[in-house]
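Visitor: Got a minute to walk me through this one? I'd like to start with the strands.

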Amino acid sequence: MKLPGTLEALIDALRVLPGVGPKSAARMAYHLMQRDRVGARRLAACLSTALEKLHHCERCNNFSETPVCALCANPRRDARLLCVVEMPVDLNRMEETQAYKGLYFVLMGRLSPLDGIGPKEIGLERLLQRAQDGVTEEVVLATNYTAEGEATAHYVSELLKARGLKVSRIARGIPAGGELEYVDAMTIAQAFTDRRAL
């Protein structure tokens, strides 16, 4: 049976979301049209408003409704420190810790040659300009500990060090409250490598 064109277009549009295949997209579309039209209108309105109002902060590349986001405009942040993260959600997690008081740069991705994502796609030119602002003294790389995140950290580190900038990498190891019995061998090995004196 052929679906109405508008329903088919909705299902196809929902498939752009990560992890949403054809069945999940169809389930969502039917739910919105049959059970939650108010929610569907709200979702459409929020998407429309976000597309109109959200842009990238001129300094950190995070999403913002203003040219410079509130975090970058905060005079209490330590402008000598610049933390590089992959995505806005990573910045949010860093902020939740309340342990870091510097500024950020959000790559909006990571190097992944197999997916066609190179240095231009993640804004490395903007990062280099930002890091060489004359105020930044140290760049902290906080990319994920995946193969792509590690490759990105290495590549960015080499670019920044070649320009005379101090570069550090967040440590990794056993999580707080974690039990060795349940931690993978690679994490334990890295915890030994990154150990510090007491």
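Visitor: Which residue is the bridge partner of L82 in β4?

Guide: L103 is the β4 bridge partner of L82. Strand β3 (residues 78-85) runs parallel to β4, with five bridges between them. Strands count as paired if DSSP finds at least two bridges between them. Bear in mind that this is a predicted model, where local features need pLDDT of at least 70, side-chain atom pairs count only at pLDDT 80 or more, and totals for chains, interfaces and linings use all residues. Residues are numbered from 1 along each chain as its sequence is written, and side-chain values use heavy atoms, with hydrogens and water left out.

Visitor: How are the elements defined?

Guide: They are DSSP runs numbered from the N terminus: helices are H or I with at least four residues, strands are E with at least two.

Visitor: Is strand β4 mostly covered or open?

Guide: Mostly covered: five of the five residues in β4 (residues 102-106) are buried. Buried means under 20% relative accessible area, exposed is over 50%, and partly exposed is in between, using a 1.4 Å probe and protein chains only.

Visitor: What do β3, helix α5 and β4 make together?

Guide: A right-handed β-α-β unit, with α5 spanning residues 88-97. Right-handed here means that, with the strands pointing away from the viewer, the path from the first strand over the helix to the second runs clockwise.

Visitor: And what about β5, helix α7 and β6?

Guide: They also make a right-handed β-α-β unit, and α7 covers residues 147-162. Strands β5 (residues 138-141) and β6 (residues 166-169) are parallel and joined by four bridges. V140 has S168 as its bridge partner in β6.

Visitor: What joins the side chains of E138 and S168?

Guide: A polar contact of 2.6 Å. That term covers a pair of N or O atoms within 3.5 Å; within protein, one must be able to donate a hydrogen and the other to accept it, and residues adjacent in sequence count only if both atoms are side-chain atoms. E138 sits in strand β5 and is buried, with a relative accessible area of 17%.

Visitor: Over to α7. What does the side chain of T152 reach?

Guide: The backbone nitrogen of L111, at 2.8 Å. T152 is part of helix α7 and is buried at 0% relative accessibility. G149 belongs to α7 too, and its relative accessible area is 0%, so it counts as buried.

Visitor: How far apart are G149 and R59 in space?

Guide: Their C-alpha atoms are 22 Å apart, with the two positions 90 residues apart in sequence numbering. For another pair, Q132 and L165 are 33 residues apart along the chain, and their C-alpha atoms are separated by 8.0 Å. Q132 is in the loop between α6 (124-131) and β5, where it is partly exposed at 43% relative accessible area.

Visitor: New topic, cysteines. How many disulfides are there?

Guide: Zero. A disulfide needs a pair of cysteine sulfur atoms within 2.5 Å.

Visitor: Why is there no bond for C69?

Guide: Because the closest cysteine sulfur, in C72, is 3.7 Å from the sulfur of C69, too far for a bond. C69 is buried, at 8% relative accessible area. C83 is in no disulfide either, as the nearest cysteine sulfur, that of C60, is 11 Å away. C83 is buried, with 0% relative accessibility.

Visitor: What does UniProt list for residues 57-72?

Guide: An unreviewed entry gives "zinc finger region: C4-type" there. UniProt positions use the numbering used here, feature names are shortened, and annotations may be inferred rather than shown by experiment. The end C-alpha atoms of that span lie 8 Å apart, and the span is 19% helix and 12% strand.

Visitor: Where is N61, and is it buried or exposed?

Guide: N61 lies in the loop between β1 (55-56) and β2 (63-64). It is buried at 8% relative accessible area, and its phi is near 75°, a positive value in a residue other than glycine.

Visitor: Last one: which residues does UniProt give for the Toprim domain?

Guide: Residues 80-175, again from an unreviewed entry. That span is 35% helix and 20% strand, with its end C-alpha atoms 28 Å apart.
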